[in-house]
Amino acid sequence: MSASDEVWILGIQMTRFGKHPDLDTVDLAAQAATGALSDAGVTMADIGVLAAGNLMNASAGIGQQLQKQIGQTGIPVYNVANACATGATALRTAIMAVKAGEVDYGLAVGVEKLSGAGLLAGGSRKKDTDTWTPAGRYGAVAPIDGRIGTETMPGVFAQIGMEYGHKYGGTSFELFARISEKNHAHSTLNPLASYQKRFTLEQIMNDVMIAYPNTRPMCSANCDGAAAAVVCNGETLKSLSLEQRRRAVKVSASVLTTDPYEEGCQVLPNVNTLTRKAAAIAYDQAGVGPGDLDLVELHDCFATAELVHYDNLMLCETGGAADFFNSGATWRDGTTPVNVSGGLESKGHPIAATGIANIWEVCHHLRGEAGDRQIEGATVGLAHVIGLGSACGVHILKRSAA
């Protein structure tokens, strides 16, 4: 691959996830975008394309609104909405423009205001407390029962986890709760996480049941937040300073998939198939395998989702997700640390921002800038996000050799 075909993340930023009552959607997007530009050492005058993701107000044209706040330079704007994969899709849009040679620099932004929005992905927490407030505790049954049989996210992912256990064995209510225990423990080291409290296993298991086997702490929480990234091509990177080159992170794979046709599964998608396909393509593009990964940020919208994605991302042998977790591999001091950020269950899940925020976490470990939660010597990381609808984004990132 020539330098002109390479794509690098030059700058990246995320806001703290949580409640931001004094900031609107554009304010949050601007905060992340200007932070990413500063981190990259460039300005809006350098940017050739803007891809802006927002799900809840997709028709409002968040990209054009953002331009009015950070700089209107006449560049093309792509407004992106792709369920929970919105942020990853915005980044991939900027990556494709850079890789095609149309621009030297691209800016991708994902932003959402979700605090108090009710039941979207996992629920929301009450102000100044550590409890969730789900709107509609157990979810409604879909008008037409499909393969999964419910249209709400808690029910969908609860049943996906139960199906995995039924097929392969080894799962239990306690095992899923222990996944959540891990992520909440990891969050205590992440100053940008929405919630930074460790929960005991007993607290998690005895909390309000949302959709068995996921209790409230096992669900991602709605919150406000934004994340943004600046990308450039390899030729452009060569012209920059040694420090910019040193901190740049190579995008070795950028993949987006949707659900293939499956007879009898027309109501809701099969989250396993499109993730496994995306992972396979990404490993091939990057020239690495699951064993080469130093850390993984995956889409744990629910504790049950994390377990099945161990398998889908091929971090373990088929059917071996429970044994893989029980081995301790996914803790930050394990062989394959997963969701060192605290994951969506603790970091929070402002939908359109999540895809870029997961990449932000991986980038900071590869740069050696992750602070107390740093995975020492990390050189390769994977970021994964999935949106029911369906869409799955997988990015594999490598540390710069500069």
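A residue counts as buried when its relative accessible area is under 20%. In this predicted model, I375 has a relative accessible area of 10%, so I375 is buried. Let's start from that residue and then walk over to the sheet and the helices around it.

**I375 and its contacts**

I375 sits in the loop that links α13 to β12. Leaving aside residues up to four places away in sequence, I375 touches D294, R332, P337, V340 and H365. V362 lies 13 residues from I375 along the chain, and the C-alpha atoms of the two are 9.7 Å apart.

**The sheet**

Now for the strands. Strands of a sheet pair through backbone hydrogen bonds, and the pairing can be parallel or antiparallel. Here, nine strands form an open sheet with mixed pairing, in the order β3-β2-β4-β9-β1-β10-β13-β12-β11. At its edges are β3 (77-80) and β11 (295-297), each of which pairs on one side only. Ignoring direction, neighbouring strands of the sheet are turned against each other by 25 degrees on average.

At the β3 edge, strand β2 (residues 49-53) runs parallel to β3, and four bridges join the two. Two residue pairs from these strands are listed below.

| Residue in β2 | Partner in β3 |
|---|---|
| A52 | N79 |
| G53 | V80 |

To get from β2 to β3, the chain passes through helix α2 (residues 62-70), and this β-α-β crossover is right-handed.

**Helix α3 and its two neighbours**

How does α3 relate to the sheet, and which strands does it touch? Helix α3 packs on the sheet, with contacts to β1 (7-14), β2, β3, β4 (105-112), β9 (225-233), β10 (249-257), β12 (380-387) and β13 (391-399). The direction of α3 makes about 170 degrees with that of β4. Angles over 145 degrees count as roughly antiparallel, so α3 and β4 are roughly antiparallel.

Helix α3 (residues 86-99) also meets helix α13 (residues 351-367): their axes come within 5 Å and cross at roughly 65 degrees. The two helices are therefore roughly perpendicular to each other. On the α3 side, the contact is made by T86, G87, A88 and L91, while α13 contributes A352, G355, I356 and I359. By type, the residues of this contact comprise five nonpolar, three polar and no charged.

Helix α13 also brings us back to where we began, as the loop holding I375 lies between α13 and β12.

Key
Residues numbered from 1 in each chain as written. Predicted model: local features only at pLDDT ≥ 70, side-chain atom pairs only at ≥ 80, totals over all residues. Heavy atoms only, no water. Axes fitted to C-alpha atoms, helices over the stretch in contact; angles between N-to-C directions. Parallel < 35°, antiparallel > 145°, perpendicular 65-115°, else oblique. Contact = heavy atoms within 4.5 Å. Nonpolar A, V, L, I, M, F, W, Y, C, P; charged D, E, K, R; others polar. Pairing = 2+ DSSP bridges. Right-handed = clockwise from strand over helix to strand, strands pointing away. Buried < 20%, exposed > 50% of the residue type's maximum accessible area, 1.4 Å probe, protein only.
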